[in-house]
Amino acid sequence: MTQHLRKKLVNVAASPEDGPTSMPGSFYTDPQLFAWECNTVLHTGWYCLGRADEIPNEGDFFTQQLLNEPLLITRADNSVRVLSNACRHRGMPVAQGAGNARRHVCPYHAWAYGSDGKLLSAPRMKNTGFDLKACALPAFHSRVHNGFIYTSLSDVPDPFDVADLDALIAPYQPENFRHIHTATEMWNCNWKALVENFMEGYHLSVVHPETLHHYTPTGLSRKGPSGAGFTSYFANYPDSAAGRGTGAAGLSEKEKKRSTLFAVYPAQVVSIAATSLVSLSIFPLDVEHIEVRWTFSTYGKELEDGLLADRIAVWNEVNREDREKLETMQKALHSRHATGGPLASADYEGTVRDFQLWMAERSSQLA
Ligand code: FES
Ligand SMILES: [Fe+2]
């Protein structure tokens, strides 16, 4: 990592709890820092790719570019696999988009792979020494957790350390939510800016006056637990607002009257409530551009189709509002006066500090 940013991160992390500050603009604009992140935290971390029930049937698949790696996410033999989507012949992506296929036939020279990645046939490959079995698509480390598909690009991934988060969200039964909608967007901002934005309640009433303020006003935001691999906060609903439905049996009244927002580092941010689960997967493209793949899921049958469409429309608008702010801010972060300023207290921006502490810790380990 560039030395001055590393030093700054250590200083910011060491600042007293009642005097936190934000990082300077270069934290979000420096290409060298981004290169360091690609080789370290973004390489070894666990990414959410989507929901396991987006590919419920044998042969279902979708594709995703993650940094330098084209990925093919498939269901084979009833388990989710994250495979390299680069053909073992000369590197063409073997699949595009999403769908269902028993075989993936490379569009370049027609090598055909099964949905488990095994090479099934390679036309005209008669050379002695060619071994079909040695040309399977490599698999990345992956796991399904709380209904989310996670993967890491590294052969030696970071520990997946979210036990305290699991305890926090278990009453909502995240693994039982039904996938309804997926959208993919390109945003002109740094990946960390979206993590921080989604994870702080300070901006809610200002940026989302029509869409969120009446449900999750800034004043009712409360810091939640954090741990080695995650942070969280509660966006509480005022008494005047109706709950978000009944949801899973066993949810407390308190849990029904709030959304719990959490980040699984490095790049997944989520809002879970009784009947709605929204997850944004952030895929950095370069230091100032990201792809955002977000999913909407619901619990049970409580919400009718019309209501589901309304909720999705609101989230579309919320994301648009955040995106506009982040894209505008990204340009200003190049200013020599973007040196970082004081952060608000823990209930409003404590999650931003948690994220800094995580980055500082990782940077000291990976220096
Ligand atoms: S690159 Fe895939 S078959 Fe040639
Ligand atoms: Fe927002």
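**A seven-stranded sheet, two domains and a shared core**

In this predicted model, S232 sits across from F262 in strand 14. Helices and strands here are DSSP runs numbered from the N terminus (H or I over at least four residues for a helix, E over at least two for a strand). Residues are counted from 1 along each chain as its sequence is written, while chains are lettered from A and ligands numbered from 1 in the order in which they are written. Because the model is predicted, local features need pLDDT of at least 70 and side-chain atom pairs count only at pLDDT 80 or more, whereas totals for chains, interfaces and linings use all residues.

The S232 pairing belongs with strand 13 (residues 230-236) and strand 14 (residues 258-264), which are antiparallel and linked by seven bridges; strands are said to pair if DSSP finds at least two bridges between them. Strands of a sheet pair through backbone hydrogen bonds, in either a parallel or an antiparallel way. Zooming out, there is an open, antiparallel sheet of seven strands, ordered 11-17-16-15-14-13-12. Strand 11 and strand 12 (221-223) are at its edges with a single partner strand each, so one side of each has no neighbour in the sheet. On average, neighbouring strands of this sheet are turned by 15° against each other, direction ignored. Helix 10 (residues 346-365) lies across strand 12, strand 13 and strand 14, at about 40° to strand 12. For such angles, axes are lines fitted to C-alpha atoms, for helices over the stretch in contact, and values run from 0 to 180 degrees between N-to-C directions.

Next comes the stretch around helix 6. Seven of the eight residues of helix 6 are buried, so the rest of the structure largely encloses this helix. Buried means 20 or more other C-beta atoms within 10 Å of a residue's own, exposed means 12 or fewer, and partly exposed is in between, with C-beta atoms placed from the backbone. Among the buried residues of helix 6 are W191, L194 and F198. E200 follows in the loop between helix 6 (191-198) and helix 7 (204-207), and E200 counts as buried because it has 23 C-beta neighbours inside 10 Å. Its C-alpha is 9.5 Å from that of A346, although the two are 146 residues apart in sequence. Neighbours within four places in sequence aside, E200 is in contact with Y348, E349, T351 and V352, where contact means C-beta atoms, placed from the backbone, within 7 Å. With residues up to four places away again left out, M199 touches T231, Y233, L261, A263, V269, T351, V352 and F355.

M199 also turns up in the largest nonpolar core, which has 80 residues; together with I73, L194, V195, A263 and I282, M199 touches the most other members. Such a core is a set of buried Ala, Val, Leu, Ile, Met, Phe, Trp, Tyr and Cys residues joined through C-beta atoms within 7 Å. At least three of the core's residues come from each of domain 1 (3-44 + 160-365) and domain 2 (47-152), the bounds being those of an automatic or database domain assignment.

How far apart are the C-alpha centres of domain 1 and domain 2? They are separated by 30 Å. Where the domains meet, 21 residues of domain 1 are in contact with 16 residues of domain 2. On the domain 1 side, strand 16 gives the largest share, four residues. By class, that side has 10 nonpolar, eight polar and three charged residues (nonpolar covers Ala, Val, Leu, Ile, Met, Phe, Trp, Tyr, Cys and Pro; charged covers Asp, Glu, Lys and Arg; the others, Gly among them, are polar).

Two hairpins follow one another in strands 2 to 4. Strand 2 (residues 60-66) and strand 3 (residues 69-76) are antiparallel, with six bridges, and L66 is opposite E69. Two residues separate these strands, and L67 in the turn has a positive phi of about 50°. Strand 3 also pairs with strand 4 (residues 79-84), antiparallel over six bridges, and here L72 has L83 as its bridge partner. This hairpin too has two residues between the strands, with D77 at a positive phi near 50°.

Key
Two residues are in contact if their C-beta atoms, placed from the backbone, lie within 7 Å.
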